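Here's a quick walk through one protein model, for anyone who'd rather read about the fold before clicking around in it. Have the viewer open as you go.

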Amino acid sequence: MAFKNYWRVLHRLTSSLMVGTILTNSFIPLAQAMEQLEQERRMVPTPPQTPSAREENLPDQLMIKHQRQLQDLYQKILRAAKVEGESDPVEETWLFLGQKKGKNSSEIDPRLTEELKNILQAPEILASQNRLEETLRKLQEPPILKILPAELVNRIKTFYKSYADKFKSATPEKQKALLEPKAVLTLDTLDSYRLSQARAREILSMSAEGVISKKNPDGNHPVTELGEVFFKGAEDSKMPLCPTLESAMGAFQTFLTGQGMTPSTFLTLKNVGTFPQKIYPLQAAPKVNGKSFAAHYQKLRGDLSNLSSSSVSALFLTSLLTNPEDGKADNFFVDEDYNLVGIDNDMALAPSILWKVNPYEKEESHSIGVKTILYLLPGLEDRSLDSEIRKRVLSWDPGLFVTQWLGGLQARNKSYKALFGGQPIPSEFLEGIPLHLPSFLSMDLFKKIQQLQGYLNNHADAKLEDILAFMDPLVSQYYGRLRKLNNNPVEAYRYLVKDQDSNSLTHEVLLEEILSPRAEVLIHTEDKSLQKSLVYQALRREQTDKHEMKEILGQNSTNVLSPQKQVQALFKEINFQELSSLLQGRYLITLQKFFPKVLKEVPETWRLNDLAQKILTESFSFEDRLHLYPALKALGIALPEDHLYKVLALNGQDEDKAVEELNAILSFGVLPEALNTLNSLGKSPLDLSLEYDFEKVFQRLIDAGVYKIQAKKAASFYVKGKLGERDEDDATLKAYRRLEIKNRAVEWETALEVLMPISEDENAPIRTVDGDKREMPENVRGALFHEVTGKIKKVNEGKGRSAVGRVMRGPYELYFKEFPELPGTEEAVRLLNLAIAGHDSFFSKLIRYGNKPYLVSLGVKGKNLADIFEEHAKKVEKVKKLNPHQAAKLVPEGIMNLDPKNDG
């Protein structure tokens, strides 16, 4: 069915909510069946109990599995296409520019783009025109470097240079082959690859003359099998492809159950044949090793007992939720392990029943909308739901499941559209890019999953037929009668797709037999004649409105919504406060990843004060935390004060991750006061950065304003890291110098460690009042004492009563006062200043060297106050000599500067 026609009738005539209140079994009176079903529904807990933390990890595992399946498919596609070399950076450049222009056309200068068209071309074109060398030179020009990322420019240079070298060294015959134009295959990851023209035509089912024709007898599209991949294309002006819905259904199945359906992807081919600019869209899916369901059924003569229980259950539940419309036998395979596998899933989300109008005969009738051979399998009433599949379905939070699935659809919408590089998508090939869904879909899926989970919670040994009867009793009735009509599912399926002769039971007649009594149940009146006249009105509750049928559910229709709008509608029904912190975090991660704009519009009930505190106690991965931070920031929620310490611990083995996560935290605008708090062990973030040996983290924290650190630990890091031997422009050394300015205790301990290093030797010559044993390096002793006399080299001649010596190494300077008079008083004043002001203003330590006491003090960078006063006095004398009238004019203009650093 054409995609456009398909969506004309996509509005559900009977939702699970409506259908589920009617019939359960055609073999009991309808009114009684209705009453029993209503009673059972009232007993169903909806939603089910919140899964345990262990179970809640399961959905993430299934999503990761889906990504791995896609990665495996990409590799199979490249092998099947026999691509030549690495990805093509030239083609990827045009995709990059097309995306950028689509976001903001003002970012790209049209003249520069035109110039790029002349520069960036296929290498064989440039080589044939002898322009390869010229192109490599132009790639150095600033305009080119400005518009493209440096990494992309470098890849293009390497790409052209490699081709040029290969071309120069090739024989004339090989040069001729190198000059042949290549086709370009682009995956939905936007990676492009070059392949031969012959291989491209083979993938497209294209003749040498450029005509695409369908060689496969079944199906609506040309299909080519190459290697481990099936490629599906489209003939000109024929039925369109539906790649977005196809891949969305594959993701839905994998997310829900983890198995049962092949993944699919979308790709394009261009530069093919005589129309190099034409873009050919394709779907690709992996080959399933096995037999078609029809062949398997025929071989086993109807015995399906060996089919894998888990694969049948997985496909069955997915069908209940997505209503396939093309579930014919050819679209199912049985693999070597007897797993039932679904393929070709681009027709789904159908209504349970369709309302058809014959405009010529003015007749109205109903037909079945959901068509799948799964509901025709014999023995459904005896086949139990697989326990592992049951567990997986119950592990999902319904709202999160729908949100994550719509998020994947949102991502595919973007990547599929980007495949065309900003060009219009050819309407003769494709519909539904970007794909918009019926307005009711998100809420419909949400409630159907709730109902399914509620039923499974109450029925541990539920049979597949029981589940179908509960979820969609009308469909159950229809397929139950059809199975009785013909127990061969392959033959019974024919009733679903075409009318039989007038003597046979057509699907319309069969359905009307159910609809009429069903309508009578819906009408609550004792007037039988009124009941008959109201039958049609009752059925209207479950049919598409006539006007909606005529309206094409396109992008601008009010009856469809984008994935983002679907999510916005869904979130109005979700009680965020009642979710576990793990689920709250997953919701925020999903929104930030796929729908960041929605975060700005969530209800106020989401903005809980303790939200971050609770969420961040959960064990989220590094990638998830990077999505959590901007999500919390968008909600205006602050991070816990101690979270920075946890981040360093979580990334203790990976410094690059620690820096990336640190930057995300600092983007909250954390104040330096908060960053300088100590943890319960009295350690600061800087202390932890050194414990993990994270120099980049150390630098970043200092840039952010962190200065608290255990000074001795910092000094030890300085010496062991040999910072003093590094270049002055070394980032860590520069950060350390900034730290010393803010925290002079670090400068003091570093000066001590550089000039009087700690020693483990019991015979070390220096003892300090705090019990340290320290060395006196030879160069320090030589600078401090006279070699002959052994006396201290005084630097305070004529000043003070004690001899004072000085030693320096690099920026560090220590003064040694021999026989200090009142060292205890000096230390007491330092401690008093520390208690009052919160920091040290001077640093000193009493030591014993040999048999003499010395007070060691840190040199103060700058001038002595007495010297400043003396210089200032001289400048004042110079000012006095100025003409007073002239000076009076200079002072208001701010020209006179009495700064002692000024020469006057």
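Which residue in strand 9 does valine 334 stand opposite? Valine 334 faces leucine 340 there.

Some ground rules. This is a predicted model, where local features need pLDDT of at least 70 and side-chain atom pairs count only at pLDDT 80 or more, while totals for chains, interfaces and linings use all residues. Residues are numbered from 1 along each chain as its sequence is written, and side-chain values use heavy atoms, with hydrogens and water left out.

**The sheet**

Helices (H or I, at least four residues) and strands (E, at least two) are DSSP runs, numbered from the N terminus; two strands pair if DSSP finds at least two bridges between them. Strands 7, 8 and 9 make an open sheet of 3 strands in the order 7-8-9, with antiparallel pairing. Here are the edge strands, each pairing on one side only:

| Edge strand | Residues |
|---|---|
| strand 7 | 290-292 |
| strand 9 | 340-342 |

Strand 8 (residues 332-335) is joined to strand 9 by 3 bridges. On average, neighbouring strands of this sheet are turned by 35° against each other, direction ignored. Helix 16 (residues 309-322) packs on the sheet and touches strand 8 and strand 9 (contact means heavy atoms within 4.5 Å). The direction of helix 16 makes about 30° with that of strand 9; axes are lines fitted to C-alpha atoms, for helices over the stretch in contact, and angles run from 0 to 180 degrees between N-to-C directions.

**The cores**

A nonpolar core is a set of buried Ala, Val, Leu, Ile, Met, Phe, Trp, Tyr and Cys residues joined through side-chain atoms within 4.5 Å. Buried means under 20% relative accessible area (1.4 Å probe, protein chains only). The largest core has 159 residues, and those with the most contacts inside it include Phe293, Trp405 and Leu588. Helix 19 (residues 441-458) gives the largest share of this core, 8 residues. Apart from it lies another core of 26 residues, among them Leu185 and Val229.

Leucine 588 touches, among others, Phe576, Trp606 and Leu635, not counting residues up to four places away in sequence.

**A covered helix and some rings**

Helix 18 (residues 398-418) has 18 of its 21 residues buried.

Rings of Phe, Tyr and Trp (its six-membered ring) pair if their centres lie within 6.5 Å; planes under 30 degrees apart count as stacked, over 60 as edge-to-face and the rest as tilted. That rule gives 24 aromatic pairs. Phenylalanine 159 and tyrosine 160 have ring centres 5.9 Å apart and planes at 40°, so the pair is tilted. Both of these residues are buried.

Definitions and conventions: Buried < 20%, exposed > 50% of the residue type's maximum accessible area, 1.4 Å probe, protein only.
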